[in-house]
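Colleague: I should like to learn how to read salt bridges and helices in a model of this kind. Please take me through the features in turn.

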Amino acid sequence: MVSETDLDITLDKAQPCTAKPSRLLATTLRGKHLPATAVVPADAQGWSLVVITGAVLGLRIEVGERSLVVGRSPECGWVIEGGGLSRRHCTLWTVGGRLWIRDLASTNGVCVNGTRVLTQELKAGDEVALGDVLLRVLRQKSAEDSYHAVMTERAYVDELTGLGNRRRFQELLEAGVMQATLRGETFSLVLIDLDDFKCINDRHGHDVGDSVLRACSAQLRSITRSSGGLARIGGEEFAAILHGTDMTGAANYADRCRKAIAEMVFTDTAQAFRLSASLGVACWHSGMQDSAALVRVADERLYAAKRAGKNCVVSS
């Protein structure tokens with residue numbers, strides 16, 4: 001058996017979840033991941049985690065062989081918004097079919113079943129607290145996991161495009177406002193509306209219209225750094241929540257979206273056609289009262305883009 005000393009890893013003793021961060025907990029662990037020392041059945045399924053409390057209730061993620069960093073940063077493999085989460089909060093990985101979690105020197109730590117840990121093996125049914133967000137560990141394809149997978153799909157995903165739906169967008173928006181208010185972090189909102197989309201439906205039929213929406217969704221996803229903040233919020237209207245992005249960055253992103261859509265050519269009909277989009281950009285600031293104020297500013301700028309002739313971005 002390989003020892004912790006051989007791997008140059010020092011584990012903390014279990015602490016109550018209410019313990020204040022210590023200097024030990026603020027130190028990033030060195031070394032390789034812990035080994036699997038127990039025999040795992042050959043037919044064992046993978047792992048998934050589902051959010052059971054917090055701003056993104058019902059959100060579910062599957063954990064594979066590659067390590068997965070969890071946190072608020074758009075650079076993380078799993079971006080979760082919620083009170084008390086650090087930008088890079090923890091990492092998850094599997095070894096030999098067993099699931100592990102490690103705290104990445106987060107401010108509020110990682111708690112497993114009420115106990116604060118640095119590195120811990122997770123079991124099915126464990127509850128993991130990351131700030132205000134509580135996760136449940138599930139075996140993939142178990143009855144509970146299958147149920148949560150279906151419920152997540154129905155509750156948060158737009159059936160046509162596969163993007164987040166309006167409910168998902170609203171919850172992420174509220175979480176973003178909370179983080180900006182508590183921590184002074186910057187985030188921006190981009191609203192995207194396809195120009196004259198009704199004409200496409202009227203001229204070519206709703207099947208072609210649906211195909212256009214799917215293609216535009218895929219295009220937006222391909223150029224969005226963290227597509228978890230991308231949603232379809234209306235018939236032909238999309239929204240992108242950009243964490244850690246100021247007005248300049250958001251305006252640049254919006255113009256990339258505009259150009260990408262304008263360059264698309266649709267050939268599902270007898271005569272190929274193109275389309276364009278109008279975009280409105282707003283950045284959260286302390287003078288805003290709530291999320292509705294941010295949406296209102298972005299919406300006003302979206303309609304200003306329409307009045308300016310469409311196929312443009314308005315950010316001021």
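The dialogue below takes up salt bridges and then one helix.

Modeller: This is a predicted model, in which local features need pLDDT of at least 70 and side-chain atom pairs count only at pLDDT 80 or more, while totals for chains, interfaces and linings use all residues. Residues are numbered from 1 along each chain as its sequence is written, and side-chain values use heavy atoms, with hydrogens and water left out.

Colleague: How many salt bridges does the structure hold?

Modeller: A salt bridge is a side-chain nitrogen of Lys or Arg within 4 Å of a carboxyl oxygen of Asp or Glu. The structure holds 12 of them. One of these joins Asp193 to Lys306, with the closest N and O atoms 2.7 Å apart. Asp193 lies in strand S13 (residues 187-194) and Lys306 in helix H6 (residues 291-307), so this pair ties together parts that are 113 residues apart in sequence. Here helices (H or I, at least four residues) and strands (E, at least two) are DSSP runs, numbered from the N terminus.

Colleague: Are Asp193 and Lys306 buried or exposed?

Modeller: Buried means under 20% relative accessible area, exposed over 50%, and partly exposed in between (1.4 Å probe, protein chains only). Asp193 is buried at 12%, and Lys306 is buried at 18%.

Colleague: Which residues are joined into one network by salt bridges that share partners?

Modeller: They are Arg98, Glu121 and Lys123. Within this network, the side chains of Lys123 and Glu121 meet at 3.1 Å, N to O. Lys123 is partly exposed, with a relative accessible area of 45%, whereas Glu121 counts as buried at 14%. In another salt bridge, Glu127 meets Arg136 at 2.8 Å, N to O. Glu127 is partly exposed at 29%, and Arg136 is partly exposed at 24%.

Colleague: What span should helix H2 have, and what is found?

Modeller: The expected span of a helix is 1.5 Å times one less than its number of residues. For the 18 residues of H2 (residues 166-183) this gives 26 Å, and the end C-alpha atoms are 25 Å apart, which agrees.

Colleague: Which residues of H2 are buried?

Modeller: An α-helix has 3.6 residues a turn, so residues three or four places apart point the same way. The buried residues of H2 include Arg168, Phe169, Leu172, Leu173 and Gly176.

Colleague: What is found just after H2?

Modeller: Gly184 takes a positive phi of about 70° there.
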